[in-house]
Amino acid sequence: MAAEDRWLEGLRVLVTGAAGGLGRALVAEADLRGARVAATGRRPNIDTADLPEAAIRVPADLRNPDECRRLVHDAAEQLGGLDIVVNNAAALVCKPFTELELDDLETVWEVNLRAPVLIMQESFPYLCKGTSPAIVNVVSTAGVNGGVAPVSAYGMTKAGLIVVTKAVAREYGAHGIRVFSLSPPAIESEMRRVLPADLSVSTDRVKGMSALGRPAPPPEEIARFTLLTASGVGGLVTGTMIDLTATVY
Ligand SMILES: NC(=O)c1ccc[n+]([C@@H]2O[C@H](COP(=O)([O-])OP(=O)(O)OC[C@H]3O[C@@H](n4cnc5c(N)ncnc54)[C@H](OP(=O)(O)O)[C@@H]3O)[C@@H](O)[C@H]2O)c1
């Protein structure tokens, strides 16, 4: 690959949810573009998932606060620092509001909001010493409009993450760290299996709703945009939510 295509050369990238649909693409793209990557996941298959050989595996259950903190230090130690952190992992609960149980609420709060908050806090000292440092929080339009399926619990945690991103961007900006959230388009992943069948990422449905008349993009395209924006190229992007859904909410 030509040197100019390795636009993450030498940067150190941490990706959570690395064994998932978007996570795998983020790790592969970061590796392809020259970064050194720490891939985190909860399932034992984080060790064997189809990830680039060079990616460092850091298993952690994000429901455990100590593991959230520990994974940042493990990753930074093994990579020799941190430049880009992508909070990509998430849990989806699809249930009518009145049927939500305490464990449902705790799961989404712990994985989707508390974990990114703890990871941002722990990453701060490393990012302060990083090159063009940035944090990306992967969110959802459910955090803006409540979602089309019964995903209120998931949506409220994504809404919280969108807001805390804005607040943290102000505080970290003075240290040269950019923080933005990114709402990806529909991805055919494990997560969507709990959604009603009529919301599947079928090409025709998405294409029909897209303002651009395009089918859902592959995770690789989303990963490339995400990391390019997180790299120095996205110089002025901070605080904002980037919405890649092309109006397919
Ligand atoms: N799929 C979509 O259509 C869609 C739409 C809008 C936004 N998003 C957002 O995009 C991001 C990626 O989603 P995806 O589609 O790639 O979903 P996915 O394939 O289900 O991946 C989610 C990842 O989160 C990890 N995770 C869940 N609970 C965890 C825990 N307790 N500890 C550690 N890791 C945990 C999972 O780990 P394991 O592999 O160990 O289970 C999995 O790797 C999420 O933030 C999601 O909210 C997705």
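**Cavity, cores, pocket and salt bridges in a predicted model**

Let me begin with helix α3, residues 102–128, which gives the most to the lining of the largest cavity, with four residues. Please keep in mind throughout that what we are looking at is a predicted model. A search of the whole structure finds one cavity of 30 Å³ or more, and about 30 Å³ of space lies in the largest cavity. Its lining is made up of Thr16, Leu62, Asn87, Asn88, Ala89, Val111, Ala115, Pro116 and Ile119, and if we sort these residues by class we have six nonpolar, three polar and no charged residues.

Staying with helix α3 for a moment, I would like to turn to Glu110 and Arg114, whose side chains meet in a salt bridge with an N to O distance of 4.0 Å. Because these two residues are four apart in helix α3, Glu110 and Arg114 are separated by about one helical turn. Glu110 has a relative accessibility of 13%, and therefore counts as buried, the cut-off for that term being under 20%. The pair also belongs to a network of salt bridges that links Arg63, Asp103, Glu110 and Arg114.

In total, the structure holds 14 salt bridges, and I will mention two others. Arg6 forms one with Glu9, where the closest N and O atoms are 2.5 Å apart; here Arg6 is partly exposed, with a relative accessible area of 30%, and Glu9, at 47% relative accessibility, likewise counts as partly exposed. The side chains of Arg33 and Glu29 meet in another salt bridge, at 2.8 Å from N to O, and in this case both Arg33 and Glu29 are buried.

Now to the nonpolar interior. Which members of the largest nonpolar core touch the most other members? Of its 31 residues, they are Val27 and Val86. Two or more residues of this core come from each of β1 (12–15), α1 (21–32), β2 (36–41), β4 (84–87), β5 (134–138), β6 (178–183) and α7, and the largest share, five residues, comes from α1. If we leave aside its neighbours within four places in sequence, Val27 is in contact with Val15, Ala18, Val37, Ala39, Leu51, Pro52 and Ala55. There is also a second, separate core of 26 residues, which includes Ala60, Leu62, Cys68 and Ile119; Leu62 and Ile119, you may recall, also line the largest cavity.

Helix α7 brings us to the second largest pocket, since this helix, residues 219–230, supplies the largest share of the pocket lining, namely three residues. About 280 Å³ of space lies in this pocket. The lining consists of 16 residues, and those that lie nearest the centre are Pro185, Arg214, Pro217, Leu244 and Ala246. Taken by class, the lining has 12 nonpolar, two polar and two charged residues.

I will finish with Gly234, which has its place in the loop between α7 and β7 (241–243). Is this glycine buried or exposed? At 9% relative accessibility, Gly234 counts as buried. Not counting residues up to four places away in sequence, Gly234 touches Arg178, Leu228 and Thr229. As for the first of these contacts, Gly234 and Arg178 are 56 residues apart in sequence, while the distance in space from C-alpha to C-alpha is 9.2 Å.

Terms used
Residues are numbered from 1 along each chain as its sequence is written. This is a predicted model: local features need pLDDT of at least 70, side-chain atom pairs count only at pLDDT 80 or more; totals for chains, interfaces and linings use all residues. Side-chain values use heavy atoms; hydrogens and water are left out. On a 1 Å grid over the protein atoms alone, a cavity is a set of points where a 1.4 Å probe fits but cannot get out, and a pocket is an open set with protein on both sides within 12 Å along at least five of seven lines; lining residues have an atom within 4 Å of a point. Grid points are joined across faces, edges and corners, and a volume is the space filled by probe spheres set on the points. Ala, Val, Leu, Ile, Met, Phe, Trp, Tyr, Cys and Pro count as nonpolar, Asp, Glu, Lys and Arg as charged, and the others, Gly among them, as polar. A nonpolar core is a set of buried Ala, Val, Leu, Ile, Met, Phe, Trp, Tyr and Cys residues joined through side-chain atoms within 4.5 Å. Buried means under 20% relative accessible area, exposed over 50%, partly exposed in between (1.4 Å probe, protein chains only). Contact means heavy atoms within 4.5 Å.
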